[in-house]
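Me: I'd like to learn how to read a ligand site and a domain interface. Can we walk through one together?

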Amino acid sequence: MVYGQYLSSLWKDTEADYVHGHVLTCDKAASGWRLTLADGQILGASYVVLATGNFAPASLSDPRRQIPGYYPSAWQNDLYARIQPDDDVALIGTGLTAVDVLMRLREEGHRGRITAISRHGWYPTSHAAGLSGDSHVVFAETAPTARAYLAAFRQCLRSGIPWRSVVNALRSHTNTLWDRLPWEEKRRFSRHLQRRWDIVRHRMAPALGEQLDVEIRSGTLTTLKGRVEHVSAVADRVQIGIQGSNGLSSLTVAHAVNCTGPSRDYRAVGSALLTGLLEQGIVRQTSLGGWVCNSDGALQDRTGNWSTTLYALGPMRWGTLFETTAIPEIRQQAAELAHILAEQVAGLGVRFEASSGTE
Ligand SMILES: Cc1cc2nc3c(=O)[nH]c(=O)nc-3n(C[C@H](O)[C@H](O)[C@H](O)COP(=O)(O)OP(=O)(O)OC[C@H]3O[C@@H](n4cnc5c(N)ncnc54)[C@H](O)[C@@H]3O)c2cc1C
């Protein structure tokens with residue numbers, strides 16, 4: 001909330017217009033782009049930057065059916081009012097979102113049993129106080145394979161550098177290392193190492209780590225390993241089908257919260273804007289989700305052409321980039337893209353002025 005207020009205060013200092021509306025379509029126009037808003041407004045623009053951020057997690061249930069007690073997104077605040085203090089709850093996922101929901105439930109007085117389910121059952125690691133500055137970690141000569149990267153990481157640990165320092169030091173290089181990997185290796189990394197990387201890279205505050213340990217040790221939080229196959233309603237409870245190493249099992253609870261993190265499959269996030277762009281072939285998705293773009297964020301269309309007027313910023317660059325969801329990276333991308341657009345606009349004598357009208 002505080003960060004949002006800070007951004008709003010910066011926005012007020014710019015001369016940019018702000019239109020409050022939901023963009024339904026973005027179509028090619030005679031010159032530039034034509035955006036149609038849900039209220040019927042039409043906006044024309046020479047350039048469009050798609051900065052639509054994160055979407056809800058991938059669906060685990062039939063989206064046409066309402067399941068009482070099942071929350072498809074952890075960010076629907078009403079769930080805390082609906083869960084009674086002694087109700088049993090399942091958290092689907094064991095990442096930072098699951099930790100957030102667990103902590104908030106306890107803060108709100110929940111004392112019931114909580115079960116967290118994920119494929120590996122791994123929780124995020126904790127930050128450490130007093131960690132020395134970034135160490136110098138050299139990866140540049142490493143062969144571009146997932147296996148070689150893992151070996152280089154282990155080599156750093158063997159040389160005595162604390163693992164958190166290695167992870168921190170790699171942050172500013174991970175996009176370059178990712179870019180070097182052929183797609184087959186990117187997919188291999190994603191399959192075998194992504195989750196391991198996530199738990200060491202996206203860490204939680206030490207106090208939260210301690211609280212989580214207490215929950216696990218005292219048995220108030222149970223962890224199940226397995227892939228959640230489906231979520232359905234059984235009487236007034238929620239049934240979760242879990243594919244584990246011993247086969248299919250099910251867990252029935254009063255409430256279940258989908259904490260699996262934002263979906264990057266833009267074909268399935270339910271955004272008319274993104275679906276329309278994909279269907280028209282204006283953009284293309286990578287095999288890992290996110291959109292194919294170049295280092296400026298310019299989007300590639302179905303035929304392989306790079307746009308000079310349509311760009312993506314932030315989480316949408318996932319797949320092409322590896323680190324693209326946290327504020328430091330997005331801030332950098334935004335500054336670089338602003339510079340590129342300003343140069344293009346100056347060169348063309350175009351003014352950033354949206355023409356508007358109502359259909
Ligand atoms: C729970 C959580 C915790 C996080 N914690 C951290 C953290 O500690 N540190 C960190 O660096 N990063 C963190 N992140 C990541 C970071 O906050 C986000 O990736 C970042 O805010 C994305 O910024 P953005 O400007 O790209 O998108 P957003 O801030 O998500 O903004 C996207 C905007 O686009 C709008 N929009 C979408 N579609 C349309 C449409 N069709 N028409 C009109 N408007 C539309 C949305 O309404 C929204 O206003 C966290 C993310 C989450 C979900």
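Reply: Sure. Helices here are DSSP runs of H or I with at least four residues, numbered from the N terminus. Keep in mind that this is a predicted model.

Me: Which helix gives the largest share of the shell around the ligand?

Reply: That's helix α11, residues 327–348, with three residues in the shell.

Me: And which residues come nearest to the ligand?

Reply: Out of 15 residues around the ligand, the nearest are Val 23, Gly 53, Asn 54, Thr 325 and Ile 327. As for character, the shell has nine nonpolar residues and six polar ones, with no charged residue.

Me: What lies 2.8 Å from a nitrogen atom of the ligand?

Reply: A backbone N or O atom of Val 23 does. Ligand oxygen atoms get backbone partners too: a polar backbone atom of Thr 325 sits 2.5 Å from one, and a backbone N or O atom of Ile 327 is 2.7 Å from an oxygen atom of the ligand. As for cover, the ligand alone exposes 1000 Å², and the protein buries 50% of that.

Me: On to domains. How do I read the size of an interface?

Reply: People often quote the accessible area lost when the parts come together. In this chain, the assignment gives domain 1 (2–55 + 265–358), domain 2 (70–125 + 203–258) and domain 3 (146–201). Between domain 2 and domain 3, about 730 Å² is buried, and carbon and sulfur atoms give 51% of it.

Me: Which residues of domain 2 lose the most area to domain 3?

Reply: Trp 122, Thr 125 and Arg 203, together 77% of what the domain 2 side buries. By contacts, eight residues of domain 2 meet nine of domain 3, while the C-alpha centres of these two domains are 28 Å apart.

How values were computed
Residues numbered from 1 in each chain as written. Predicted model: local features only at pLDDT ≥ 70, side-chain atom pairs only at ≥ 80, totals over all residues. Heavy atoms only, no water. Near = heavy atom within 4 Å. Polar contact = N/O pair within 3.5 Å; in protein donor to acceptor, adjacent residues only side chain to side chain. Areas by Shrake-Rupley, 256 points an atom, 1.4 Å probe, with all protein chains shown as cover. Helix = DSSP H or I, 4+ residues; strand = E, 2+ residues; numbered from the N terminus. Nonpolar A, V, L, I, M, F, W, Y, C, P; charged D, E, K, R; others polar. Domains from an automatic or database assignment. Contact = heavy atoms within 4.5 Å. Buried area = accessible area lost by both parts, 1.4 Å probe.
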